Every structure is written in C-alpha cells, then in structure tokens.
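Got your viewer open? Let's take a short walk through this model, one selection at a time.

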Amino acid sequence: MASIALKSFVGLRQSSLEKPQFTVQAKPLINVQTPRRFRVVAGKFSPKVSGRNLRVAIIGGGPAGGAAAETLAKGGIETFLIERKLDNCKPCGGAIPLCMVGEFDLPLDIIDRKVTKMKMISPSNVAVDIGRTLKPHEYIGMVRREVLDSYLRNRAMENGAKVINGLFLKMDMPKEDNAPYVLHFTEYDGKAGGTGDKRTMEVDAVIGADGANSRVAKAIGAGDYEYAIAFQERIKIPDDKMVYYEDLAEMYVGDDVSPDFYGWVFPKCDHVAVGTGTVTHKGDIKKFQLATRNRAKDKILGGKIIRVEAHPIPEHPRPRRLAGRVALVGDAAGYVTKCSGEGIYFAAKSGRMCAEAIVEGSENGKRMVDEGDLRKYLEKWDKTYWPTYKVLDILQKVFYRSNPAREAFVEMCADEYVQKMTFDSYLYKRVVPGNPLEDLKLAVNTIGSLVRANALRREMDKLRV
C-alpha cells in the first residue's frame, strides 16, 4: 500500500476558542429573600415532517448500503436504496470477522468457509502457520460478495426499504434550509430495454455508499484519496486440491507479488480466490497477479479461471465525509484498513452507525435532521476505530517497505503472543490491551528481526553491485 500516512479524520472535534467569562458580585448588605430561579433549556429546534415520514436515499447496495437501509427502515424512515448492479460480484477477498456474524445476525449458510488456519508466506517462501491460539468456536468467515450483499439488501426490503435497480447520475443541492435534495437517476425495470428510464426523486437526506468511485462524494466535493487497485481471479481447482483449502487461507508477501501489499489465496464455496493489490505500481498489477499464481502453483495446479475481477480500494478516509444532510459511508468514505485491506465489516458498521444517527436525530422519522445529527455518526466512528486504523498504518510502514522487512514480519508472526493479539483484535474489532512483560519481549524480538532484516538487505545490496 501507499506510503501515505493515515490522515487525521477532519472536522470533527473543534474546541471552543471562547475564554470563560467570570464576574464577581458583591454580597448585599441586607439579606433579601429572592425567588428561586429556574433555567429553561430549549431542545434542538427541528421542524416536524408534515404528512409523511423522513425520506432518505442510499446510493449503493453493498454492505454499507444494505446495513444502512435496514436500520433506517426499522427506525421508521421512508427508505430508498439505489443500486446499479443487483447481481454484482465485487472483487473482494471476502473475509469477515467473527463479531460481524453476531452483530449483523448473519445466517451461517451465507458463509462459504470457516477459516481456522492461515499460512503467512515470506519472500523466500518461508511459511508460518497461524491460528494456534483460536478457540474452538472462533473462525474467519469467507463469503462471496454477491451472496452477502444480496442478503443484506433483501433483509432491508423485508423491513420496508424500497430497492431500486438504477444508476445514480447527479444530485441538485437544496437552495434553502430543510428543502429537499433532488436525485437524478436512470431506473432499469426491464421494460425500457438496456437504456432505462430517467427519474428524479426528492429526499431529505442522502447516504453515499457507492464505493471508491463515489458519485455522491464528488457531488459534495469530498476530495480525492490515494487508492489501490485490487485484482482477483476465481479459480476452480480439482476436488483433491480443494481439500487443502477447506479451512485454510494463504497470504504471500514479497516484491514479486506486490511492492506495497500482499497476495492471497482465499477459499470460497467450490473454488479459491487468488489475488493481489498495489497502490504504487498499478500498471504492473497483472504481473503481480501472475507471480501470486506462480507462488501457489503446486496447490492450484489444474485449476480453471472462472472469473476475473478488478476494483479500486481506498487508502485513507476522504478529506470530507459530511456536507449538510449528505454523509459518506464504507469505501465511499475511505474506510478500508491499511496492512490488511479489510473493508466489509467497516462498511456495514459505518452504514449502520450513520443510519442510527439519522433515526435518533429524526425521532424515528418524525422530524427533519441536520448536519449536526449526522456529525454524531462521524464523532462516534472516529472515537471507536481511529486507533485500529493508526496501528495498521504503522505496521504497513514498518513491515511492507522491503523484502527483508517482510521476512522479519513473517518471522514475528510465528510468535504465539503475536497471533493471539492479532486474532483477538481482528475477530472482535478492538485494539486489545497487551501484557506488559509480553509486550516488552515482543518489542525486543521485533527489533532483533528488523536488525537481521537490515543486515540481510545490506548483503543483498552488495550482491547487486
């Protein structure tokens, strides 16, 4: 991934510049009994929505959009979800943490594989087995995005959301307070052939869940971000080889598979997903993909490519994620972690958080919302997840910078304490406090690994001369 540092989330916590004013009042010479004073505090002025409930449109039907639509519909909001490709197979590794299964009440039949073992494979093909610290009930879920996304959208529909097969085109901004946003989109209902029908819709608020190339983000001037390109092939391999990947995933690191990310082989229902990604060398992505296949060739020999996929992945949050009554979530906001490239859980979680803020601010759809209501979602998001993003940003900068550093990273992953801390943080989405003595030992071992890596790099540089 890029060497760009994780940018601080912008515009959330502004401290007041006003200095406190103090006044001193002399005591009266005569003790006069004064009536008790009551302080009346007015609530947030928010006009009631007349003759209907609040209307919210969600652009994009992935995990972020589906989770937001369900929460809004359950909360009494008139909800519209616009998605261009309802059968979209997004190129995605498809890994979800255990906590997502419970938090989002996902049925087990949409999880293709329960991964309990991983192999981290270094540039020199040293393989480290990971997963020894997992408890019997713990696993990493592997899903296909076309299955997961469809399930979340259908559940939103069951709760009252209207799902529209359409392409969002543009948005007219309101000219005055509480005026509606006017959305322009093309609806594909099967009656107008492939061209579709031009439609408009008036809504009170908009959630942009339309991915890395978000049109909603452009409409509100959210700014650009650096992005990676992910390339993935779904490969049908012989049954006897599929047994190897029954509950196992592989991650390959090295300049050959990616100069700033990793290559992967993740198991799906009846095939494996083989892919890689890069920020700095996007033009070489097919070369890196070929190298990933070559590193795994003995285990996927005889396989047939059944689908090729590519997609941009944001590297950091956008400079602006909120404007008026329009908020960004998921990839549109830039919520993909560095080092691991994980985004599914954070997409769904941000969509739900944003929707919860709207439901609360509108008193279940009875009142208009404003930017202050949606800002509560951003404040909660940053407070909860900023440490996770920062830790993974640091890990990427330290260990993805060279092959010797990657060798050190793989060596470090063999440590049981590292595995426990990593899985606890990943599976339950929290930065886990460590044991001070074990942390000290880990620091010493990490420094030793990096010293050996730097020595190896110097020797390799001598050989090149």
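A term for the road: buried means under 20% relative accessible area, exposed means over 50%, and partly exposed lies in between, using a 1.4 Å probe and protein chains only. Keep in mind that this is a predicted model, where local features need pLDDT of at least 70 and side-chain atom pairs count only at pLDDT 80 or more, while totals for chains, interfaces and linings use all residues. Residues are numbered from 1 along each chain as its sequence is written, and side-chain values use heavy atoms, with hydrogens and water left out.

**Start with helix α11.** Select residues 403–413: 10 of these 11 residues are buried, so α11 is largely enclosed by the rest of the structure. Among the buried ones are Phe 409, Val 410 and Met 412, along with Arg 406 and Glu 407.

**Zoom out to the whole chain.** Color by secondary structure and you'll have 13 helices and 18 strands to look at. Here helices (H or I, at least four residues) and strands (E, at least two) are DSSP runs, numbered from the N terminus. Of the 465 residues in the protein chain, 52% are buried.

**Next, show α1 and α9 together.** Pick residues 63–74 for α1 and 344–361 for α9; their axes are 7 Å apart and make an angle of about 30 degrees. The axes are lines fitted to C-alpha atoms, for helices over the stretch in contact, with angles running from 0 to 180 degrees between N-to-C directions. α1 and α9 are therefore roughly parallel to each other, a label for angles under 35 degrees.

Now turn on side chains. Which residues of α1 meet α9? They are Pro 63, Ala 64, Ala 67, Ala 68, Thr 71 and Leu 72, and their partners in α9 include Ile 344, Gly 351, Arg 352 and Glu 356. Contact means heavy atoms within 4.5 Å.

**Last stop: two asparagines.** Most residues other than glycine have a negative phi, and most peptide bonds are trans. Go to Asn 125, in the loop between β5 (117–121) and β6 (127–130). Its phi is near 70 degrees, a positive value in a residue other than glycine. Asn 125 counts as partly exposed, at 46% relative accessibility.

Then jump to Asn 364, in the loop between α9 and α10 (371–399). Asn 364 isn't a glycine either, yet has a positive phi of about 60 degrees. With a relative accessible area of 44%, Asn 364 is partly exposed.

Note on methods
Parallel < 35°, antiparallel > 145°, perpendicular 65-115°, else oblique.
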